[in-house]
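Q: Could you take one part of this model and walk me through it closely, then show me how it sits with the rest?

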Amino acid sequence: MNMGEPAWLADLVAVVVLITAAYCLGRVAVSLAWRRPTDLDVDLIHGVMGIGMAAMLVPSLSPVPNVTWAWVFGVAAAWFVWRIVAVFGSAGTSRIAEVHYLPHFVMAVAMIYMGVAVSGPAKAGSGGGMAMGGSGSTAHFPTGALVLALLMLAYVVWLTDQLPGIASVRAWRATPHLALAGAGALAGSAAGPDTGVRAVPVVRAAVAAHPGEAAQMESAAQEKPDDSQRAVPLSPRLEAGCHIVMAVAMAYMLVLML
Amino acid sequence: MSDTAATGSTLTGRLGVHGRPGATLSGVTWHAPDTRRALQLCLAAIWLLDAVLQYQTFMFTKAFGQMLAATAAGNPGVISRPITWSAGIIEHHPVPINTAFATIQLLLAIGIALRPTVKVALGASVVWALAVWWLGEGLGEVLNSAASPVNGAPGAVIIYALLAVLLWPAGRGRAAAPFEAARAVGTRVAQGLWVVLWASLAYFSLMASNRAPQALHDMISGMASGNPGWLASIINAAARLVSHQGLAASIVLAVLLAFIAVSVLMPARLARSGVIVAIVLAAAIWVVGEALGGIFSGSGTDPNSGPLLALLALAYWPKRAARAVAATPTTTEIAGPQAQPEGL
């Protein structure tokens, strides 16, 4: 590793996003194995996203050509569009819940952009990676990279500001009934919008940022009402931390493409 | 939203009914940003953009140190010698030093965005900004007759420091201030800082180096290269507009800047006009004179002064009289006044 070249930084960022991706995929596995609520779709897509980002940063890691990543995240973007439409269509959801999937959609779009917009010589044997971080790669439409990077940065700042207010696992464990009630209100699905838990605005807000988990918690509560401890979600704070890391890394990659 | 908009004061009681008496649910409240916090978050976002730009390839080369050394030219010896000295060190160790620079800026951004650390981060950002203003920007060229409001005078980074001071978390006792920037330092001081900044820009625009017939044209047209077609077209069109019109353009610019400077002392309606003119002018300068801070060049270390001037102007937006008097910390459906961190 030549520390005089920015490639070392690309390698470092690739390691960071791979660790983050591993954690996200681990959340999916734990959630499925132990029925701990989490945003399954978001975690899964972020796991794949981390692998894709690492592959773009370090071409030798790329198992598939860039265009394949574009297709993968095209599907992810379509999925998030569907989730956004579904949330907007349901009654009783808060404004926070309505925008929950929007940044993930933008991140998927950024992955599509990075997959298709970059030109430049791929290194031999790279499997089609685009060799960011020192290859001199440039985007066909740099303004798009700037706009997406700014959106990523705005998301990072917004989420970081929100971070201390996101429910900790300890808080969920301390007040499982409150949490479950809040989850029911926020999910806005089975329980409907008016379950009386509007009197618990704090919890309501806490789960608002994670409506997927709220829906799962409501479901778990209905299935096993006496076993509420098992419905404690995987750490929403760590999930938000993962999103922050991924968004910063993505903004970095987009800026490299300017 | 409306059903819970004012639940803050009853929050504890309700928790006592449904949950455990006195349950704190620490860490589960979330506060929507009020005006001041929103401005702080904008500042954090700009710091974050700064950090990401600082991680670009160019900054890890010797050319970065050479670029910093060039800012020493024209400054008095007492100012220029430390610049040359520090630039030399950076030139010889660009990788570790730039890594540290970028990481510091990243931490400042995250620190401002994170509510518990906002004061520490704002304070540190003032120190960092002052150091960079001297050692990285040569005091914004204000001492070497090359400063122009169009090319970023008085130095973008000093505006970071100014914003950190003006957006410092203030007690609720000053919620009745006529604009957000006055809450931390008081109305008179805030007005004074505004007048000094914009009046100095008006002065810079009238300096001999900026009045020359082709001065503004050359300054603007020099920014076009390396940018996307749409941006280069705008820049070139603006350059043609002021070609051989250096004196007239400088006078117009100075008049606008002078109006902005004094508008803060005028009644609210005129003050709002001044803020709007300031934002429009900052946007024009950012696009035409600064080419979005040279972000597309690969060697832009920050977005330059345009966004910061606009953010500063927003901090001076006059509140409506009734609102200013009755102002209380903004809370949302989910957070009550008792839970609002003091003065964020």
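A: Let's start with helix H5 of chain A, residues 102-117. At 1.5 Å a residue, its 16 residues ought to span 22 Å, and the end C-alpha atoms do sit 22 Å apart, so expectation and model agree. This is a predicted model, so that agreement is one between computed values. Plenty of H5(A) is buried: the list runs through Pro103(A), His104(A), Val106(A), Met107(A), Ala108(A), Ala110(A), Met111(A), Tyr113(A), Met114(A), Gly115(A) and Ala117(A).

Now for the chain around that helix. Chain A has 11 helices and 2 strands, and from the N terminus the order goes α-α-α-α-α-β-β-α-α-α-α-α-α. Of its 258 residues, 56% count as buried. If you take contacts between residues at least 6 apart in sequence, 73% of them join residues at least 24 apart.

How far does the predictor trust chain A? The mean pLDDT is 73, with 63% of the residues at 70 or more. Confidence peaks in helix H6(A), residues 142-162, at a mean of 93, and bottoms out in helix H9(A), residues 201-208, at 42. Two stretches of chain A deserve a flag. Residues 119-131 stay under 50, and the model gives them 40 contacts beyond four places in sequence. Residues 181-209 of chain A also stay under 50, with 89 such contacts in the model.

Over to chain B, where the mean pLDDT is 83 and 83% of the residues reach 70 or more. Here, residues 1-29 stay under 50, and the model has 56 contacts for them beyond four places in sequence. Residues 324-343 of chain B are below 50 as well, with 57 contacts beyond near neighbours in sequence. For the complex, the predictor gives an ipTM of 0.83 and a pTM of 0.81.

Chain B also offers a helix pair to look at. Helix H2(B), residues 35-54, packs on helix H16(B), residues 305-315, at an angle of about 170°, with the axes 10 Å apart. An angle over 145° counts as roughly antiparallel, so that is how H2(B) runs against H16(B). On the H2(B) side, the residues involved are Leu39(B), Cys42(B), Leu43(B) and Ile46(B); they meet Pro307(B), Leu308(B), Leu311(B), Leu314(B) and Ala315(B) of H16(B). By class, that contact has 9 nonpolar residues, no polar ones and no charged ones.

Last, some backbone oddities in the loops of chain B. Most residues other than glycine have a negative phi, and most peptide bonds are trans. Glu141(B) has a positive phi, near 65°, and lies in the loop between H6 and H7 of chain B. With 21 C-beta neighbours inside 10 Å, where 20 or more is the cut-off, Glu141(B) counts as buried. That loop, between helix H6 (118-135) and helix H7 (156-166) of chain B, is also where you find Pro154(B). A cis peptide bond joins Ala153(B) to Pro154(B), with omega about 0°.

His244(B) is another non-glycine residue with a positive phi, near 60°. Its loop runs between helix H12 (229-241) and helix H13 (246-263) of chain B. Is His244(B) buried or exposed? With 11 other C-beta atoms within 10 Å, His244(B) is exposed, whereas Glu141(B) is buried.

Conventions
Residues numbered from 1 in each chain as written. Chains lettered and ligands numbered in written order. Predicted model: local features only at pLDDT ≥ 70, side-chain atom pairs only at ≥ 80, totals over all residues. Helix = DSSP H or I, 4+ residues; strand = E, 2+ residues; numbered from the N terminus. Buried ≥ 20, exposed ≤ 12 C-beta atoms within 10 Å, placed from the backbone. Contact = placed C-beta atoms within 7 Å. Expected span 1.5 Å × (residues − 1). Axes fitted to C-alpha atoms, helices over the stretch in contact; angles between N-to-C directions. Parallel < 35°, antiparallel > 145°, perpendicular 65-115°, else oblique. Nonpolar A, V, L, I, M, F, W, Y, C, P; charged D, E, K, R; others polar. pLDDT = per-residue confidence, 0-100.
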